[in-house]
Amino acid sequence: MSTVSDCFSIGSIVATRTCYNENIEGEVLAFDPQTKMLILKCPSSSGNPKRHDVNIVNLSLVSDVQIKKEVTTVPEPPPSLNLHRLNTRVRNSIENKRRLVSALSACLDPEGQRLFLAIARVIDDVSWSGQSIRVYNEVTITPPYKVENVLGEQDSKPYNYIRKFVERHWRDHRDSAANSSRHQ
């Protein structure tokens, strides 16, 4: 390893070459000298300029480290966390999971459960009404949960959206079943 210092300044730009011959370059977010772990903020691998990748690099497994730009100023402390907001998010997430679990126990049909979960990933306002799925309290999907089983006001946006959603769900389900049977 070349030019490894005992400490990396937060905000410095560092380039590393891992034992897998992978180059990682980014801004230092944190460094732990005891474990030799370096956390780097790197440009997003998705290409989105508003996002970043965060890489944790074990310097024990690095063949080369270079400091591209040293920062000597002390960084500002990070903003404090809004614990009330975080607790609210946790409570909402737990409540949502409980709602999904109780909703799934209402239906024994695996196809209905699969469709319900697919809808619940996108829409919060979904529930069971007996064996039927209710969306937005406007649209009902009755067993066997096919496109022709979508009931509601046919000119409404929710009805048309849910109808297309169910159609896409079954098309994707059919395509994945066909692909898995071809690969057996």
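Guide: In this predicted model, a residue is called buried when its relative accessible area is under 20%, and exposed when that area is over 50%.

Visitor: Is Thr-140 buried or exposed, and what is its relative accessible area?
Guide: Thr-140 has its place in strand E8, which spans residues 139-141. The cut-off for a buried residue is under 20%, and Thr-140 falls below it, so it counts as buried, with a relative accessible area of 15%.

Visitor: With which side chain does the side chain of Thr-140 make a polar contact?
Guide: Leaving aside neighbours within four places in sequence, Thr-140 is in contact with several residues, among them Ser-132, Ile-133 and Val-150. Arg-134 also belongs to that list, and at 2.6 Å the polar contact made by the side chain of Thr-140 is with the side chain of Arg-134.

Visitor: Which strands stand at the edges of the open sheet that has the order E6-E7-E8-E9?
Guide: The sheet is formed by 4 strands with antiparallel pairing. Two of these strands have a single partner strand each, so one side of each is left without a neighbour in the sheet, and these are E6 (126-129) and E9 (150-151).

Visitor: Which helix lies across E6, E7 and E8?
Guide: E6 and E7 pair in the antiparallel sense over 4 bridges. Running at about 150° to E6, the helix that lies across these strands consists of residues 110-122 and is H2.

Visitor: Which residue takes a positive phi in the hairpin of E2 and E3?
Guide: Strands E2 and E3 run antiparallel and are joined by 5 bridges, with Asp-32 standing opposite Met-37 in E3. The hairpin has 4 residues between the strands, and the one with a positive phi near 60° is Lys-36.

Conventions: Residues numbered from 1 in each chain as written. Predicted model: local features only at pLDDT ≥ 70, side-chain atom pairs only at ≥ 80, totals over all residues. Heavy atoms only, no water. Pairing = 2+ DSSP bridges. Helix = DSSP H or I, 4+ residues; strand = E, 2+ residues; numbered from the N terminus. Contact = heavy atoms within 4.5 Å. Axes fitted to C-alpha atoms, helices over the stretch in contact; angles between N-to-C directions. Buried < 20%, exposed > 50% of the residue type's maximum accessible area, 1.4 Å probe, protein only. Polar contact = N/O pair within 3.5 Å; in protein donor to acceptor, adjacent residues only side chain to side chain.
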